[in-house]
Amino acid sequence: MASLNVGNLGEYLREQRRNAQLSLRQLADAAGVSNPYLSQIERGLRKPSAEVLQQVAKALRISAETLYVRAGILDEREREELETRAVILADPSINERQKSVLLQIYESFRKENGFEPGPESGVGAGSETGGESGAGAGTDGPHQPGGSDAGSASKP
């Protein structure tokens with residue numbers, strides 16, 4: 001059987017599995033996939049679905065987006081954007097409104113630099129803000145960073 005151009009993915013998965021000191025069988029059990037199927041993925045004979053990649057990534061404690069890129073499911077630039085968004089959304093030190101505002105700023109900078117809006121762009125993309133980031137966002141006090149062009153037009 002010919003390789004399906006996923007050898008890079010298989011080699012990467014094997015390397016990650018070995019770094020995690022897991023046998024093929026242990027990883028298959030942790031990911032909820034069959035041992036032979038995982039072996040075929042590692043050898044580049046099968047192209048797994050995004051769902052299987054997500055399960056494997058979770059079992060290896062690595063980024064699913066990285067596996068998506070290696071499998072050709074996701075573009076590298078999209079992966080970087082999604083990972084940036086995920087880091088912002090996962091930060092426990094800022095509240096949901098702040099996350100939403102930060103994502104809006106991030107998106108505006110991307111547009112300014114000529115990048116198209118990503119697949120999850122928009123207000124509070126991927127967050128559970130429930131649309132709280134509307135007109136009142138960023139207006140609860142003087143928490144805007146000094147020296148920023150944003151909002152400086154209203155200052156004397």
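This report walks through the helices, salt bridges and loop residues of a predicted model.

## The overall layout

Let us begin with the chain as a whole. Its secondary structure amounts to seven helices and zero strands, and reading from the N terminus the order is α-α-α-α-α-α-α. Of the 156 residues in the chain, 33% are buried. If you look at the contacts with a separation of 6 or more, 49% of them come from residues 24 or more positions apart.

## Two helix packings around α4

Helix α4 appears in both of the packings described here, so it is a handy place to start. As background, a pair of packed helices is described by the angle between the two axes and the distance between them.

Take α2 (residues 24–31) and α4 (residues 50–60): their axes come within 8 Å and cross at roughly 115°. That angle makes α2 roughly perpendicular to α4. The crossing in which α2 passes α4 is right-handed. On the α2 side the contact is made by L27, A30 and A31, and on the α4 side by Q55, V56, A59 and L60. Sorted by character, the residues of this contact are six nonpolar, one polar and no charged.

Now turn to the partner that follows α4 in the chain, helix α5 (residues 64–71). The axes of α4 and α5 come within 9 Å, with a crossing angle of roughly 135°. Here the angle makes α4 oblique to α5, and α4 passes α5 in a right-handed crossing. From α4, the residues A50, L53, Q54, V56 and A57 meet A64, L67, Y68 and A71 of α5. This contact divides into eight nonpolar residues, one polar and no charged.

V56 is named in the contact of α4 with α2 and again in the contact of α4 with α5.

How many of the eight residues of α5 are buried? Six are, so α5 is largely enclosed by the rest of the structure. The buried residues are A64, T66, L67, Y68, V69 and A71. Among them, A64, L67, Y68 and A71 also belong to the contact with α4. Just after α5 comes G72, which takes a positive phi of about 80°.

## Salt bridges

The structure holds six salt bridges, and three of them are set out below.

| Pair | Closest N to O distance |
|---|---|
| E42 and R17 | 2.6 Å |
| R85 and E81 | 3.0 Å |
| R110 and E81 | 3.1 Å |

What does the salt bridge between E42 and R17 tie together? E42 lies in helix α3 (residues 35–42) and R17 in helix α1 (residues 7–19), so the pair joins parts that are 25 residues apart in sequence. E42 counts as buried because its relative accessibility is 4%, under the 20% cut-off. R17 is buried too, with a relative accessible area of 9%.

The pair R85 and E81 sits within one helix, α6 (residues 76–90): the two residues are four apart, so about one helical turn separates them. Both R85 and E81 are buried, and for E81 the relative accessible area is 2%.

E81 also meets R110 in a salt bridge. Since R110 lies in helix α7 (residues 96–112) and E81 in helix α6, this pair ties together parts 29 residues apart in sequence. R110 is buried, with a relative accessible area of 12%. Widening the view, E81, R85, E107 and R110 are linked in a network of salt bridges.

## Positive phi in two loops

Which residues have a positive phi although they are not glycines? Q21 is one of them, with a phi of about 55°, and R61 is another, with a phi of about 60°. Q21 is found in the loop between α1 and α2, while R61 is found in the loop between α4 and α5. Are these residues buried or exposed? Q21 counts as exposed at 70% relative accessibility, and R61 counts as exposed at 78%.

The loop that holds R61 joins the story back to the packing above, as it lies between α4 and α5, the two helices whose axes come within 9 Å.

Key
Residues numbered from 1 in each chain as written. Predicted model: local features only at pLDDT ≥ 70, side-chain atom pairs only at ≥ 80, totals over all residues. Heavy atoms only, no water. Axes fitted to C-alpha atoms, helices over the stretch in contact; angles between N-to-C directions. Parallel < 35°, antiparallel > 145°, perpendicular 65-115°, else oblique. Left-handed = near helix turned anticlockwise from the far one by under 90°. Contact = heavy atoms within 4.5 Å. Nonpolar A, V, L, I, M, F, W, Y, C, P; charged D, E, K, R; others polar. Salt bridge = Lys/Arg side-chain N within 4 Å of Asp/Glu carboxyl O. Buried < 20%, exposed > 50% of the residue type's maximum accessible area, 1.4 Å probe, protein only.
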